Structures are given as structure tokens and as C-alpha cells.
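Biologist: I should like to go through this structure with you. May we begin with how the helices pack?

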Amino acid sequence: MSDALNIVKDTTLTYPQTLLALAKLGENTDHTIRFSDEYYTAKEEGALCDLNEGNLPYRPRYICPDYDLLFAKGCDFLGIEPPKDLLEAINALEIFYNHVPSITCYPVYLGDLDHLLEPFVLKEDRAFAKKVLKLFLLHIDKVLTDSFVHADIGPQDSVTGRILLELTEEMQLAIPNITLKYDPELTSDDFALACVRCMLKTAKPSFANHRMFAKEWGEDYAIASCYNGLKKAGGGFTLPRMRLYECSLHAKDPEDFLNVWLPHYIDLQLEYMDKRVRFCVEESNFFKSNFLVTEGFVKQESFTGMFGLVGLAECVNHLLNIKDNKKGFGMNKEATALGLRIMDAIDKRVAAHTAPYCDAFDHRYRLHAQVGIDTDGMDDSPGTRIPIFAEPTMLEQLEVNEQFHPYFPTGTGDIFKFEETYEKTPEAILPIIKGSLSRGLRYFSGYLENCDVVRVTGYLVKKSEIEKLRQKKQSLNNVTIFGKGAQDGAHALDRRIQRHEEDHSTHQ
Amino acid sequence: MPWTAGYSAMKKITAPINRIIPFSNVDGPSNRTAIFFQGCQFNCRFCHNPETIHMCVHCGECVEICPVKALSIQDGRVVWNKELCVNCDTCIRTCTRSASPKVTEMTVDELLPQIERVRPYIQGITLSGGECTIYKDFIIELFPRVKEMGLTTLLDSNGSLDFEKNPEILEYCDGVMLDVKAADKDFHEWLVRHSNETVLRNLEYLLRAGKLYEVRTIIFPGRDKDNTDTVSYVSRIIQDRCIYKIIRYRQFGVREEQQRILGDDTTDEAYAKTFVELARSLGAAKAYLV
Ligand code: SF4
Ligand code: SF4
């Protein structure tokens, strides 16, 4: 059977999923962009992975439009006037979202919704505003059917933020992903606690280290897709990843890896990025004629390339000949120290490379700890995470993360699964978040062990939807299939649970 | 490390630490580090960590049985190798003296760095046990230095130490979580094998001193009168001035012979709730079921 025929016969694909798969197939018949032979070898070996971005970058991978501009001046191309009330504002967004492309075809950044909508919400009766927002969220879940669709809230408390949290809890939807831009000085404890409560029950919002992001990107940053830090009115051109475990397989020892193989693969990934960025800016129609560009909703100079990597833990353990993950990276000082040396080396080499375009970033790419894809299996843990089944206590896990998160302005994060008693004690989680962010953690996600909406490696799925796929039924969410793959291959949902030790009090 | 300055000349007080839980959400408000001391003067029938009651007598019976050779005898004392231990608890099940070989004698200076490590993530510490107040000199030395770190300090106590006569222990203590296991003298003596006189005095004293953070009472299956007596007694005294945690008896970890007496099943939730209602009706507005 031809690939196309396979796609159209697959009964688990919805219509849009079928269409997207066929489009990708068509795109990949072109081979205009050519890479060096070494690059193809590295790809073949599995050392480098292009995340199936497709052969022709006809739009940047991630786009974060300036929605403030939309509300200020409207959009000529779409015939949208600046909204005057909540209904017009929602309508403007819903229309606009459908015209924001991305690698998945869906908008990966919906805006800082509380900030955008608050002036309109305040003019309405609360119950009416809540009803409108409810329909808005329903629209997003059913039309933008992809968990990489992401909305931001915070850092300040707001009526809109509160309503969005209430609805998130009531509606239990996987889409959109939500991030709280959290700054203990700007975010009240009360609002942060409301976010923790919501997170425990729905796996969102996650907590982003606002101070850290704002320092690196300026206040006008967006958290998009899984947990990706990007510039508003900009985005990410491309995101390939080094699979560090596979990169380490030729190395005789850590020094051989650091001196020979690591630079080799870094340079090949940079070659890939440079060529794609150039094509996207110079050849494709996006930066020439797309209304997002011509009307100023995005600026080409505010895009950068995202230099991704996975599998640091497995790479280190392989280089040190550690067979048992429980004795390796994250659990063992020597292994963690080697991890830091590797990260320093990657950071330096990427920072020394002059990237085409990326003007707002001093012509530099930014590192990204990629969350893994469904087919990774157990060989490569997401980014710099400690492998599932080998996680130490939460304290130790945070201490390791805090050392690695600062390397990744375009995103990294870790996920903590909490035992049920935390449902009654959300105030026990907030100090953990505060403490870890103050010590360098970039992004904190959590959920309660018995939730339906759960976080797989960065994105959200409903366990009940994974079940549907197991029974060979369709799932509206494009991402459910990844969640199933990540659970079947990498046990992504079996991460350690933070539980109080049941037997620890003599007082019962 | 500033807190160690000037202390080296002092005589070293130590305490046996059974375990440290860096992140606990059930030992007081917010996220806390819970530190469990070894040893207790009470011998509650329902104790579900009986291995914390007595001190090890170094009889050596558990040493041979450890599957990973984490226990050894050195100079007539049992020594536990934490690195080798896989926490299978075979030693604890073997010990017939309600003790544990997995206890570390620590000085305040040895304990403080462990608290400092967790400090950014916690609101405070809770000392528990066993019975922590047995080591009151240790606590008197520890607490001011924990307060210096900007942390809160709670004691989880069986109420056997007369707090009125030991005001120094409360000076740097933010509150006590007090177990009132039974109001009736005879029932208490049967249940705990110790008098409750001091406990009840402490209940009133701590309340007066503004140091009572919470009171806890366990509801036993089928013991209507005892449950009612205790809950009524406590509720009338505390009113809405502190939290009152009503806890269901759980059989897990309770010694088998005691399970035969107290029951091998958890107290029914609906039954336990009637005591929360009783407490509230008597004015203990902050009563709730755990
Ligand atoms: S823990 Fe118990 S069995 Fe082991 S040496 Fe001590 S008293 Fe003996
Ligand atoms: S729990 Fe006890 S028996 Fe088990 S490994 Fe540790 S010391 Fe040995």
C-alpha cells in the first residue's frame, strides 16, 4: 500500500488529521533543501532528529502574534475592527486563531488571555462574562484540536484569570495548555493557590519563572506549545534536536565525546537550522506576503531558532558505563557533573555560532530541552530530565533540575505527580514552587495521580481519550496519539508520585 | 555556616533521629520538614510505628537477618549502613522490643545542615516521633537556630512533658500539635499504658499560652462512650481557638495482637463524621475529619 493510501484508510484518523498527514506527505516529495552527507548520516543513526518538521519550511515552526496590536488596530486582511466589547473581542480572537499557522497547523500561542480580555470582562456582568468565556474555551477545545495550543495568564491576579481557572476545573478539557507567568512579588499567594488547586485537578496551569523569562526575553515574552519561551510578535523558526544518547554511541569515553563527537553533532544541527531559517525567510512566501507579517503582527527579526536536545541522562550514563539509571544521572554527583560539563559545552558552542537573521537575539539561537516524542521509547528522556522509574525524592529531583533549567531560554520543564492528600493541602505545594523557582527552576508542572487530564511530557491528554485510541476509536485531539505512544513506549505517565510516607506518624 | 559559629565549645547534646521527611504536607500547615525522634514513654495499643517506641538494646537479633548486610555489630553496638540499606524493614519486623536499628544519633550541628538544605522549599519544621519532647534540651538548642533561618517550629507531642514547668521549650516554638487520646483516666491508662493527667493539664495550659496549634483525637470502631467522652471533653475546652483533627483508627502497622483487641478494620467514615458534628455542636468550630 502507498503511504497516502495507508493514511486515508486509517480509521483512527479524523478528517483534519488525515488532511494534515497527506499534506506532510506532499511536502516531503520536495528536496530543495540539501544538507551535507554527514548530516544525513547523523540523521540515519538517530543522533539528530528533525522532529518531522517537513522538507519545506513554508512557515516558522512557532508563531506568537501580537494580539495587543489586533485589539488596538484590528486586522485589514481579515476585516476585523478593534473590538469594543467582550463578544467582539472573543469573536476577533476566534477568527484570528484560524489564520495563525504553526508546525501543527494550529496556533501554539493564544495570547495572555487575562491581560487581553480583562478590560472587556470588567464591563460585563460576571455571570455573563463567564458564559462567554465558557463558550470560548469550548470553541478552542473543539476547533483547535491540538494540545500544543497554549494560553498564558498572570502574573497579576484578575477577574478573567479567576474565571478561566474556574472554567478549566469545571470543564476538564485538555486544550488549551495554560501557563501562569509566576512572580511571587507580582502574583498574590491567593491567586497562585487558586492556580495550584486548578493544576492538581486538571494538570494546568503550569508555573513559569516570570522573573527568569522576563530577564532573558524582556516582558514581552510568550509561553507557547509545551513550555516554549519565545518573543511576542515573533516565535521560533525551527526546532531540531540532538538525541544525546545516540550522539554518545561512537565516543570512547567522556573526553572523546566532549572533544570530538559533541562538536561534530552540534555543528551538523546548526547546519540544519541555518539552512531552514534561510529558506523560511528568503524563499517561502510567509515572511514576504503573509498578513501576519505585512500587518506587523509578527516581525521577522523577533524569531529565533530553537536548538533542541533530549537524552542527557542516558548519554551521561552511557559515557560513564552506568547500567542502572537509579545509580546514574541525577542520583550520582559524578554523573550530574558530567551532565553540566556537556551542557556548558553545548551552550558555548551554540552561543559562538552566528545565526542567520535572529536580529533580536544578537544573531544567536537559543537552547531548548525537547520533551521527547511518542516514538522515543526509553532511550532518550525528555531534555535533561531524570529517567522515569529512576526519579529520586522530589527534593533531589528539584535540586538537579535547578542546575539545568537556566540553560534553556526557549523552554524546559519538569512534571511532578502528587498523591491524593495534596488535593486538600495545595498550600503545601506553593512553597515548593516558590523555593525551586528562586533557585533556578524555570518551569514547574504538576497533577494529581487520579486525574483524567494528565501531562504526558509537556502536553496534556485525557487518559479516557488514550483509552479510546486503544479501542481503535478516533480522538478529536491530534495529540492523544502521542500520549498513547509516550505511555506505551516510555511509561511517561508512570513517573514517581510525591506522597507523604503513609506510616510515618506514630500518632495515626 | 553562620549558625555553627561559637558552638564548638559547647557540650554536644545529641538525640536519636529515626527519620527525616524533607517534604511533608500532613505534619502541620504548608510544606514542612518532619523530623522523627526515636523513643516514647507511652505505649499506645494503636501505635502504627511501634518500632519508634523503644531504644535499641543492641541484642543483635536483626543483624543476621538483613538481606543486604546493612547491619553489623561494632564494639557491642548495632551499626546501620544507610547507603547499603534498601528499606525492606525486615529488621523492624524481627525486633521484638519495638525498636529499630535504623536510628542516627545526631547533634544539633549535624541536623541543621539538613534543614538548611530544604529551607528554600518549606515554611517550617515539625518535630515528631516517638516523642520529641523527651529530648527537650536538644529542642531548646535547635529551635532558636531554626527560627534564625526564618522557619516556623512546631512540636508534635503526646503531651507527656509538663509544658508549664518547661517554658524554655516553648520560647522558640510556634505551636504544639497535641494528641488527646482519651479524656477518661482509666480508658487512657488502658489504651496508652500511661496516665493522662499531664496531657489534660497541657491542653489547658497550651491554650492559655497561645501555643496550641491543633489537637487530635482518634475515633475507634465501636467505642461509642470513649469516643464521645474524649471528643466532648476536648471540644468544650478548645472551642474555636484551635484546629481539632478527628482521625479514624487505621489498622495498618498496628501490632497484630493489638489489632485483635482494637479491630482489624478502619473506623467507618460516616461514624467518624458524627464526632466531627458532635465537636462542632459543642463549639469546636475548627473540627474536621482527616
Ligand atoms: S533493633 Fe531490636 S532486634 Fe535489632 S538490635 Fe536493636 S533491639 Fe535488637
Ligand atoms: S530495612 Fe533493615 S533489614 Fe532491610 S535492608 Fe535496611 S537495615 Fe537491612
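Modeller: Certainly; please note that this is a predicted model. Helices α6(A) and α7(A) form a right-handed crossing.

Biologist: At what angle do the axes of α6(A) and α7(A) cross?

Modeller: The angle is roughly 140 degrees, and the two axes come within 11 Å. Helix α6 covers residues 113-122 of chain A, and helix α7 covers residues 126-143 of chain A.

Biologist: Which residues meet there?

Modeller: From α6(A), Leu113(A), Leu117(A) and Val121(A) meet Ala129(A), Leu133(A) and Phe136(A) of α7(A). By class, the residues of this contact are 6 nonpolar, with no polar and no charged ones.

Biologist: What else is Leu117(A) in contact with, neighbours within four places in sequence aside?

Modeller: Besides Leu133(A) and Phe136(A), Leu117(A) is in contact with Phe71(A), Leu86(A), Ala89(A), Ile90(A), Leu93(A) and Thr160(A). Leu117(A) is also among the residues with the most contacts inside the largest nonpolar core, a group that includes Phe207(A), Ile342(A) and Leu142(B).

Biologist: How many residues does that largest core have, and which helix gives the most to it?

Modeller: The largest nonpolar core has 236 residues. Helix α12 of chain A, residues 254-283, gives the most, with 13 residues. Another core, of 9 residues, lies apart from it and includes Cys62(B), Leu71(B), Cys91(B) and Ile92(B).

Biologist: Turning to ligand 2, which residues come nearest?

Modeller: Cys66(B), Cys85(B), Cys88(B), Asp89(B) and Cys91(B) come nearest, out of 13 residues around ligand 2. That shell divides into 9 nonpolar, 2 polar and 2 charged residues.

Methods:
Residues numbered from 1 in each chain as written. Chains lettered and ligands numbered in written order. Predicted model: local features only at pLDDT ≥ 70, side-chain atom pairs only at ≥ 80, totals over all residues. Heavy atoms only, no water. Core = buried A, V, L, I, M, F, W, Y, C linked by side-chain atoms within 4.5 Å. Buried < 20%, exposed > 50% of the residue type's maximum accessible area, 1.4 Å probe, protein only. Helix = DSSP H or I, 4+ residues; strand = E, 2+ residues; numbered from the N terminus. Contact = heavy atoms within 4.5 Å. Near = heavy atom within 4 Å. Nonpolar A, V, L, I, M, F, W, Y, C, P; charged D, E, K, R; others polar. Axes fitted to C-alpha atoms, helices over the stretch in contact; angles between N-to-C directions. Left-handed = near helix turned anticlockwise from the far one by under 90°.
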